[in-house]
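Student: Could you pick one part of this and go through it slowly with me? I get lost when everything comes at once.

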Amino acid sequence: QYLSCNPLKSDCKERVGFSGRKFTYVSGDGVIRTMNSVFGYGGWGSEITMERLVYCEQDAKKRWVIGYLATVRIKILENNTSPGIPMFHEDCGSGEAIDSNKIHAHDKALKCAVTDAMKRAARHFGERLGNALYIKGNSIRNAPIDNKTALDRLEKEENKIMFGDQTQLKAQLEEQQQQQQQQQQQQQQQHLRKM
C-alpha cells in the first residue's frame, strides 16, 4: 500500500518545464528515502547501464555547455522479491550543465542525467515514487503532508473505485426514492378517482 500512495509534499519539488508551465516531480533524495523505507538499506540497488556525452561546446560567453544521456537500472534484491525472480526497472534520463570550468560542467550534467534516469526507473515501482504525478491534477499543491494522510486518501480512492462515488450513489438513491413516492402518490390519486 505504501507504494500505491501519492508522494509526500516533502519529497516533491516544482520547476518550470520546456513549455513554460510548472510541474511537480519527486526529488532524487525523495526517491532514495522512499526506496530505503520500503526495501531497506541494501535491499535495492542501481546501476548505470549507459552514459553518453551528446553535447560539448562553448557558448558565446566561453562557458562549457555539456549534455549527457544516461540509462539506469534499479534492481530489488532477491530477499525482497519472490525466490529466483529478480525485479528491476530501467529507464533513461538527460542532463545539461553550463559552467566556466569544463570538468564541473561534465560532472553536473552527468549527475543530472543519472539522477533523472534513476527517478524515471523508480516510478515504475509505484505511485509514491512519482508515477502519480503523471495524473492530471496531482501536484505539490495537493500532495499529502504525511503517511497517514496519504494512506487515508488511498483508501478513499480505492473505495470509490470498488464501490463508486458514495455521494453520487446516495443522490441517485434519493432521486429513485422520490420517483417511487411520486408514482405511489399518483397511483393512490388514480385509485381514489376511480372510487
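Tutor: What follows is a slow walk along one strand and the pieces around it. First, some ground rules: this is a predicted model, where local features need pLDDT of at least 70 and side-chain atom pairs count only at pLDDT 80 or more, while totals for chains, interfaces and linings use all residues. Residues are numbered from 1 along each chain as its sequence is written, and side-chain values use heavy atoms, leaving out hydrogens and water.

Our strand is β4, residues 64–76. Strands here are DSSP runs of E with at least two residues, helices are runs of H or I with at least four, and both are numbered from the N terminus. Find β4 in the open three-stranded sheet, whose order is β3-β4-β5 with antiparallel pairing. The strands at the edges are β3 (44–58) and β5 (87–99); each has a single partner strand, so one side of each has no neighbour in the sheet. On average, neighbouring strands are turned by 15° against each other, direction ignored. (Axes are lines fitted to C-alpha atoms, for helices over the stretch in contact; angles between N-to-C directions run from 0 to 180 degrees.)

What holds a sheet together? Its strands pair through backbone hydrogen bonds, parallel or antiparallel. To call two strands paired, DSSP must find at least two bridges between them. β4 has 13 bridges to β3, and another 13 join β4 to β5. You can follow this across the sheet at R73: this residue is the bridge partner of E47 and stands opposite E90 in β5. Elsewhere in β4, G67 is the bridge partner of Y55.

Now for the helices. Helix α1 (residues 28–39) packs on the sheet and touches β3 and β4, with its direction at about 165° to that of β3. Helix α2 (residues 102–122) lies across β3, β4 and β5, at about 150° to β5. Contact just means heavy atoms within 4.5 Å.

How covered is β4? Mostly: ten of its 13 residues are buried, where buried means under 20% relative accessible area, exposed over 50% and partly exposed in between (1.4 Å probe, protein chains only). T71, in β4, is a nice example, since its relative accessibility of 12% counts as buried. Beyond its neighbours within four places in sequence, T71 touches E47, I48, T49, M50, E90, D91, C92 and A117.

L69 tells another story: at 31% relative accessible area, this β4 residue is partly exposed. Together with V54 and Y55, L69 forms a nonpolar surface patch with about 240 Å² of accessible area. Patch members have over 30% relative accessible area and no salt bridge; nonpolar side chains (Val, Leu, Ile, Met, Phe, Trp, Tyr) are joined within 5 Å, like charges within 9 Å. A salt bridge would be a side-chain nitrogen of Lys or Arg within 4 Å of a carboxyl oxygen of Asp or Glu, and areas come from the Shrake-Rupley method with a 1.4 Å probe, where for residues only the protein chains shown count as cover.

Finally, look at the turn leading into β4. Five residues separate β3 and β4 in a hairpin. K62 sits in that loop and counts as exposed at 57% relative accessibility. Its phi is near 65°, a positive value in a residue other than glycine.
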